[in-house]
Amino acid sequence: RRPPPQSGPGYHPLTGLLYFDIALLATTAGSMTGMSGGVIIKPLLDFLGLFDGGSINMLSRLTVLAMSTVSVARQALKKVPLHLRIAVPLAVGAVAGGNLGQMILEALLRSLEGSNAPAIVQNLLLALLIAAVILYMRNRNRVKSLGWHGIGPAALAGLALGFCSSFLGIGG
């Protein structure tokens, strides 16, 4: 007796292998650049059209979670100190921002049901953010720091990053 197919009518056995290759490329590039692998995974899977938006978001999130877990474990093995005074507000802000980003994304998806507009908006915003990061990295010596330190700025940074990662579906 043959097992049932793993997915819908467009399922192909090599799809999983292709995703594995994309995830490996994305996490490798992400670890080298300090960015999330989801920045590569989301737009590439959107372009290839192999999965629906919800599946792409979940695949990206799980891949980034695995990458983050490995990164934190490696830092712990190296005995790199964890500054809880900054890490906890950053994490709490990220969770709150992630929930807010997800709520707004779901509202957008409901209002534009059946349209490609949400994916287009996500990919345009992602492209703008990547361009801003590249510009900053090239000019960081000329950019004056605001000098913000402490719990409040850490929580706000977490809120902004969590919002962006959830709204854009890049996983973190």
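Me: Hi! How many helices and strands does the secondary structure of the chain come to?
Reply: Happy to help! This is a predicted model, where local features need pLDDT of at least 70, side-chain atom pairs count only at pLDDT 80 or more, and totals for chains, interfaces and linings use all residues. Residues are numbered from 1 along each chain as its sequence is written, and side-chain values use heavy atoms, leaving out hydrogens and water. Counting DSSP runs (helices H or I, at least four residues; strands E, at least two; numbered from the N terminus), the chain comes to 6 helices and 0 strands.

Me: At what angle do the axes of helix α2 and helix α5 cross?
Reply: Axes are lines fitted to C-alpha atoms, for helices over the stretch in contact, and angles run from 0 to 180 degrees between N-to-C directions. The axes of α2 (residues 38–48) and α5 (residues 117–139) come within 11 Å, and they cross at roughly 140°.

Me: Which residues of α2 and α5 make the contact?
Reply: Contact means heavy atoms within 4.5 Å. On the α5 side, the residues are A119, Q122, N123, L126 and I130. From α2 come V39, K42, P43 and D46.

Me: What is the mean pLDDT of the chain?
Reply: pLDDT is the predictor's confidence in each residue, from 0 to 100. In this chain, 90% of the residues reach 70 or more, and the mean is 81.

Me: Which residues have pLDDT below 50?
Reply: Where pLDDT is low, the predicted coordinates should not be read in detail. One such stretch has 0 contacts in the model beyond near neighbours in sequence. The stretch with pLDDT below 50 is residues 1–5.
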